[in-house]
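User: I would like a close look at a single part of this model, with an account of how that part fits into its surroundings. Please keep the wording plain.

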There are 2 protein chains.
Amino acid sequence: MLKYELVAQYIQQFIKENGFQAGDKLPNVESFKNKYEVSKSTVIKALEELEKNGIIFQTQGSGIYVRGNKRKGYMNLLISHGFKDEIENATVSYKVNKLEELIPSSNVREQLKLREDESVYFLERIIYVNKEILCKEISYFNKDIVLFLNKPIAEGSIFHYLENNLKVKIGFSDIYFQVDKLNEHEANILKLQEDDPCLRYEQIFYTTTGIPFDYSQLVYHYGNAQFYIPAHK
Amino acid sequence: MLKYELVAQYIQQFIKENGFQAGDKLPNVESFKNKYEVSKSTVIKALEELEKNGIIFQTQGSGIYVRGNKRKGYMNLLISHGFKDEIENATVSYKVNKLEELIPSSNVREQLKLREDESVYFLERIIYVNKEILCKEISYFNKDIVLFLNKPIAEGSIFHYLENNLKVKIGFSDIYFQVDKLNEHEANILKLQEDDPCLRYEQIFYTTTGIPFDYSQLVYHYGNAQFYIPAHK
């Protein structure tokens with residue numbers, strides 16, 4: 001864990017222990033800097049982290065305030081990498097339909113910035129939350145980063161494996177989505193009807209140095225998925 | 001415009017003028033601090049702003065990198081406040097169906113933290129992008145902040161009016177959404193069929209001091225709306 005992540009945890013604990021409510025003003029950056037004996041920029045980074053999590057909001061020249069609690073059962077898309085972290089108190093499980101190495105289409109090659117002859121890991125899974133179908137997921141992994149993948153690994157959190165076993169430094173991601181109708185194949189998998197609504201969701205994950213390593217296409221079950229974004233001006 | 005917003009503009013210009021491409025490393029914080037003669041925390045805030053816009057990404061201990069261009073025609077939800085800013089080179093127009101003062105339901109009262117006897121501005125609009133229907137929008141405005149609203153104002157960007165005329169300091173917002181089927185009434189308005197897919201989208205906007213002033217419920221046309229989020233670890 002990085003120093004600013006630790007300070008973010010401390011501040012979150014501080015908010016909880018002191019019973020701060022939505023709208024309450026917190027001590028300033030200088031005060032946190034002294035309290036935790038870290039640099040000003042570490043405090044600033046920690047506060048940005050808490051902003052992304054929807055825990056505080058900051059206003060130029062005015063201060064740092066506690067934000068209200070978000071509704072329960074919604075996934076925070078800003079901290080999305082792996083589902084376990086997104087839905088509190090939920091049991092997430094994975095069913096692997098297919099895992100193989102293949103030469104991808106030109107679209108996938110472009111998203112992952114691969115050479116023409118490079119193969120990828122191709123994975124198709126169903127993701128369940130509390131035993132309800134959350135989504136169908138197809139992922140393409142850059143093998144320069146995701147050195148090895150097998151079924152037991154893919155039946156758990158791949159991002160946990162990447163970070164802890166392969167020491168991949170996950171940086172950022174681009175999310176694109178739109179609403180559409182299910183085709184017959186997708187409807188069968190999600191146990192819905194053809195032409196039922198769905199969210200088509202694409203996410204490209206990059207390492208901290210900007211290398212795309214995971215291009216995923218998800219189709220969310222319209223009845224079982226709800227999303228949250230803490231946005232800022 | 002705040003100082004950090006100006007510095008964010010300078011840096012964006014600097015990236016453009018020097019022909020930096022996706023993955024290229026930028027000068028460090030110290031160097032921008034000296035270049036623009038501002039404080040370190042102003043540079044850090046400017047860089048966070050550029051991160052939210054998907055223009056750069058930062059990695060602890062490694063540096064600041066240029067991010068790739070996002071796909072065209074997608075709305076960036078992290079910088080959403082009013083549609084004009086979100087879709088580049090698009091013509092946005094508004095049709096006001098209804099504007100009145102009323103005592104809201106208990107749900108709306110709760111979202112806006114109002115007293116029982118407080119009335120709100122209620123607004124129903126259709127929003128068009130390049131003359132195609134983007135969404136149906138219902139908004140409830142807290143009259144303590146949105147002191148006055150009429151049809152001519154509601155036929156343009158209300159947020160532009162709030163910031164420039166009423167000097168409202170717009171802070172942050174909570175976004176909640178899920179996919180659903182259209183009911184008959186909504187289908188008529190969006191010129192689609194009953195049970196066609198839609199995105200149901202709620203957004204609560206707060207001032208910089210945490211006062212909720214706009215609770216909006218949007219129903220997006222599934223064929224005409226595409227979304228983008230630059231997410232970070």
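Which residue in β7(B) is the bridge partner of B:Ile126?

Analyst: The bridge partner of B:Ile126 in β7(B) is B:Lys136. The model is a predicted one.

This pair belongs to the contact between two strands of chain B. Strand β6 covers residues 120-129 and is joined to β7(B) by 10 bridges, with the two strands running antiparallel. They form a hairpin with 2 residues between the strands, and in this hairpin B:Asn130 has a positive phi near 50°.

Strand β7 of chain B spans residues 132-142. Of its 11 residues, 10 are buried, so the strand is largely enclosed by the rest of the structure. Besides β6(B), β7(B) pairs with strand β10 of chain B, residues 212-221, through 7 bridges, again antiparallel. Here B:Tyr140 has B:Tyr215 in β10(B) as its bridge partner.

The wider setting is an open sheet of 8 strands with mixed pairing. Its order is β4(A)-β11(A)-β8(B)-β9(B)-β10(B)-β7(B)-β6(B)-β5(B), which places β7(B) between β10(B) and β6(B). The edges are β4 (75-76) of chain A and β5 (92-102) of chain B; each has a single partner strand, so one side of each lacks a neighbour in the sheet. At the chain A end, β4(A) pairs with strand β11 of chain A, residues 227-232, in the parallel sense over 2 bridges. One bridge there has A:Met75 partnered with A:Phe227 in β11(A).

The sheet includes strands from both chains, which leads to the interface. There, 59 residues of chain A are in contact with 59 residues of chain B. The area buried between the chains is about 5400 Å², and carbon and sulfur atoms give 56% of it. The interface also holds 6 salt bridges. One salt bridge joins B:Asp174 to A:Arg67, with the closest N and O atoms 2.8 Å apart.

Nonpolar residues form cores as well. The largest nonpolar core has 62 residues, and those with the most contacts inside it include A:Phe177, A:Leu199, B:Phe177 and B:Leu199. A:Phe177 reaches residues of both chains: its contacts beyond four places in sequence include A:Leu199, B:Phe177, B:Leu199 and B:Phe227.

Finally, the relation between the chains. A rotation of 180° with 0.0 Å of shift along its axis superposes chain A on chain B, with an RMSD of 0.0 Å. The two copies are thus related as by a two-fold rotation axis. In chain A, the C-alpha nearest the axis is that of A:Pro197, at 2.3 Å. Both copies use the same surface, with 98% of the contact residues of chain A recurring in chain B.

Key. Residues are numbered from 1 along each chain as its sequence is written. Chains are lettered from A and ligands numbered from 1 in the order in which they are written. This is a predicted model: local features need pLDDT of at least 70, side-chain atom pairs count only at pLDDT 80 or more; totals for chains, interfaces and linings use all residues. Side-chain values use heavy atoms; hydrogens and water are left out. Copies are superposed by least squares on the C-alpha atoms of residues with pLDDT of at least 70 in both. Contact means heavy atoms within 4.5 Å. Two strands pair if DSSP finds at least two bridges between them. Helices (H or I, at least four residues) and strands (E, at least two) are DSSP runs, numbered from the N terminus. A nonpolar core is a set of buried Ala, Val, Leu, Ile, Met, Phe, Trp, Tyr and Cys residues joined through side-chain atoms within 4.5 Å. Buried means under 20% relative accessible area, exposed over 50%, partly exposed in between (1.4 Å probe, protein chains only). Buried area is the accessible area (1.4 Å probe) that two parts lose on being put together, summed over both. A salt bridge is a side-chain nitrogen of Lys or Arg within 4 Å of a carboxyl oxygen of Asp or Glu.
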